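I opened this entry to record what I looked up on side-chain contacts, charged pairs and cysteines. The notes follow the order in which I went through them.

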Amino acid sequence: MPAPVAAEIRAYGEADATARALAEHEWLREVAAPPTPPAILAWDLGPGESSVLAVAYNSPGCGVVIDDLAARRCAEALGIPLRGTRGLVLAAKRAGRITSARLVLEHLRDVGMYLSDTVLDRLLRQVGE
């Protein structure tokens, strides 16, 4: 059975940028999730969030990139290091991996991520844009 996150991504179809990236980049790989611990099951999260958290829960020092609020709260409660998509973009900008956080964040907003102008401006100030 495919990993829940990969299955969710592939369900969007070939038109989706993330689904295409999963198919085109060898460095993106599926990792089988271990059984979901009761401490995570208690949060009643979706299968993707639960499997991501289960991998991290069973891999000390492993963090997660997750945006779902309930899943973020679960990670915090279990002491799992986490970062969201916005934080990942800011880290990439600070590390010089991207030249413009604005372009990436605006693209994410264009494809469906909720990001108000106020939050966008606050994030860009954090990286000097």
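The entries below concern one serine, the salt bridges and the cysteines.

I note at the outset that the model is predicted.

Entry on S51. I first located S51, which sits in helix α4, spanning residues 47–57. I then asked whether S51 is buried or exposed. Its relative accessible area is 8%, so I entered S51 as buried. I looked next at where its side chain points, and found that it reaches the backbone oxygen of G48 at 3.0 Å. Setting aside neighbours within four places in sequence, I listed P4, V5 and A33 as the residues in contact with S51.

Entry on salt bridges. How many salt bridges does the structure hold? I recorded 4, and I wrote up three of them, those of E129, E106 and R109.

I took the pair of E129 and K93 to begin with; their closest N and O atoms are 3.3 Å apart. E129 lies in the segment after α8 (117–126), whereas K93 belongs to helix α6 (residues 85–94), so this salt bridge ties together parts that are 36 residues apart in sequence. I entered E129 as partly exposed because its relative accessibility is 31%.

I then turned to E106 and R102, whose closest N and O atoms are 3.2 Å apart. Both residues are in helix α7 (residues 101–110), and because they are 4 residues apart, about one helical turn separates them. I checked the accessibility of each partner: E106 is partly exposed, at a relative accessible area of 25%, and R102 is also partly exposed, at 31%.

The pair of R109 and D117 came next, with the closest N and O atoms at 2.7 Å. I noted R109 as partly exposed, its relative accessible area being 27%.

Entry on cysteines. I searched for disulfides and recorded 0. C62 takes part in none, and the nearest cysteine sulfur to it, that of C74, is 14 Å away. Why is the sulfur of C74 not bonded to that of C62? I concluded that a separation of 14 Å is too far for a bond, since a disulfide requires the two cysteine sulfur atoms to be within 2.5 Å. I also compared their surroundings: C62 is partly exposed, at 28% relative accessibility, whereas C74 is buried, at 0%.

Note on methods: Residues are numbered from 1 along each chain as its sequence is written. This is a predicted model: local features need pLDDT of at least 70, side-chain atom pairs count only at pLDDT 80 or more; totals for chains, interfaces and linings use all residues. Side-chain values use heavy atoms; hydrogens and water are left out. Helices (H or I, at least four residues) and strands (E, at least two) are DSSP runs, numbered from the N terminus. Buried means under 20% relative accessible area, exposed over 50%, partly exposed in between (1.4 Å probe, protein chains only). A polar contact is a pair of N or O atoms within 3.5 Å; within protein, one must be able to donate a hydrogen and the other to accept it, and residues adjacent in sequence count only if both atoms are side-chain atoms. Contact means heavy atoms within 4.5 Å. A salt bridge is a side-chain nitrogen of Lys or Arg within 4 Å of a carboxyl oxygen of Asp or Glu.
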